[in-house]
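Thanks for sharing this one. Here are my notes on helix packing and on the spaces inside the fold, set out as numbered points.

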Amino acid sequence: MRVCGKEDILMQTESGKNAATAHMKSSFERIKRACEEKEYSMMNFNIWEWWSGVGLYGLVAASENLACPEYDGFLAEWFDKNSASKQTGSVNRVIPCCVPEYLYKKTGKKIYKDFCDEYADWCLTKAIFAENGGFAHVWGPDAKGKEMGSPEYRHQVWADSVMMACVFMIRYGVDTDDDLLIKAALKQISIHIEALFDENSGLFYHAYDCLKNERLGCFWGRGNGWIAASLAIVLKYVDRGRYDLSHLADVFVRFMKRVYEYRAENGFLHTLINRRDSYTESTASMLFGYAAGVGYELGLLDGKFRDWTLQIADGLEFEENGAVKYASGGTNPEPSPEVYMNIPYMESAYSFGLVLMLLSELSKCC
């Protein structure tokens, strides 16, 4: 079951628009059902973690693009239900705070601002920083206070962190005109670019180990997608007249042009971007489709990137329950390409958020 036929969405007919709207609605309905989950899983939106945060950010982005009161009401209810069980201790636990950030921007209520202030302070003063000054991609303490993940993560920066922490910092910094927070986020992004960007391939490695002075993992599709979408968000929200974003804009444009060359015939990207023998994968494709749409909207990318956004949206396929097909699970940075190439597909909170980000962006760039 596809979003719509190629003729529909590329020609922007009413049937194409209706199909995209229908799939956003089904994704939203699946998110609401997932809020009833009791098990610890990547479909549980009541766990304060990155997967729920990305899923919820999709609603934030969609509501901003489409002005949807139903989404706003859901986000307010979600915050009321889950704010008492908030978690810190990891960069992965920052992105759910985009919910109170958005609600504060909409309402100006102090309860949301106080909540965001706590997370902004954590990012500035309490986070664990690797030796190069970048956020260490620690997983944070579990329910019993024991640190999860490998101790080596305290010395590693990952591509994921740019989306999971810097997006909130940028958005809230802009909301409150907090120059310190904006500059700290921009510094983090620059550190991650320096550590992870490979000039020869034009792609980003998954991670970097500061003690070993070694880039880790492969050119993972979704990891590259986190950076593409994050750069697009920064360039969209930060005043380019006030802050010098020329380097970030240059990296973004060069990066997007390079990845465009790696796309498959249907516009999708492979789970290892530079390996055409790896499977095509929808979450990486949606992130790049979103970034391409924003880049076109900002005038940084030309019309073929708008067409790419439309092509990726056109290529999405869905299960009967609304789940997007061919969305991969997660992985740690691994030296073996085969590990990435064997990540199984799975239903996840983050995949629903990416559907909403991409399909709602069509209303802005198209």
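1. Let me start with the pocket lining. By class, the residues around the largest pocket are ten nonpolar, five polar and three charged. Please keep in mind as you read on that this is a predicted model.

2. The largest pocket holds about 330 Å³ of space. Its lining is made up of 18 residues, and those nearest its centre are Met42, Trp50, Trp51, Asn92 and Trp139. Helices H3, H7 and H9 each give at least two residues to this lining.

3. Two of those helices also pack against one another. The axes of H3 (residues 50-66) and H7 (residues 160-176) come within 11 Å and cross at roughly 40°. Angles under 35 degrees would count as roughly parallel, so H3 and H7 are oblique to each other. Their crossing is left-handed.

4. If you would like to find the H3 and H7 contact on screen, look on the H3 side for Trp50, Val54, Tyr57, Val60 and Glu64. Facing them from H7 are Met163, Met164, Val167 and Arg171. This contact has seven nonpolar residues, two charged ones and no polar ones. Trp50 is worth a second look, as it belongs to this contact and is also among the residues nearest the centre of the largest pocket.

5. H3 has another neighbour in H5 (residues 98-107), with axes that come within 9 Å and cross at roughly 25°. H3 is therefore roughly parallel to H5. This crossing, too, is left-handed.

6. Which residues bring H3 and H5 together? From H3 come Leu56, Tyr57, Val60, Ser63 and Glu64, and they meet Cys98, Val99, Tyr102 and Lys105 of H5. By class, six residues of this contact are nonpolar, one is polar and two are charged. Tyr57, Val60 and Glu64 take part in the contact with H5 and also in the contact with H7.

7. Now for the enclosed space. The structure has one cavity of 30 Å³ or more, and the largest cavity has a volume of about 30 Å³. Lining it are Val162, Ile189, His192, Ile193, Phe204, Ile227 and Leu231.

8. Where do the cavity's lining residues come from? H8 (179-196) and H9 (221-237) each supply at least two of them, and H8 provides the largest share, with three residues. Six of the lining residues are nonpolar, one is polar and none is charged. H9 is a helix to check in both places, since it gives at least two residues to the lining of the largest cavity and at least two to that of the largest pocket.

Note on methods: Residues numbered from 1 in each chain as written. Predicted model: local features only at pLDDT ≥ 70, side-chain atom pairs only at ≥ 80, totals over all residues. Heavy atoms only, no water. Axes fitted to C-alpha atoms, helices over the stretch in contact; angles between N-to-C directions. Helix = DSSP H or I, 4+ residues; strand = E, 2+ residues; numbered from the N terminus. Parallel < 35°, antiparallel > 145°, perpendicular 65-115°, else oblique. Left-handed = near helix turned anticlockwise from the far one by under 90°. Contact = heavy atoms within 4.5 Å. Nonpolar A, V, L, I, M, F, W, Y, C, P; charged D, E, K, R; others polar. 1 Å grid on protein atoms, 1.4 Å probe; cavity = no way out; pocket = protein on both sides within 12 Å on 5 of 7 lines; lining within 4 Å. Points joined across faces, edges and corners; volume = space filled by probe spheres on them.
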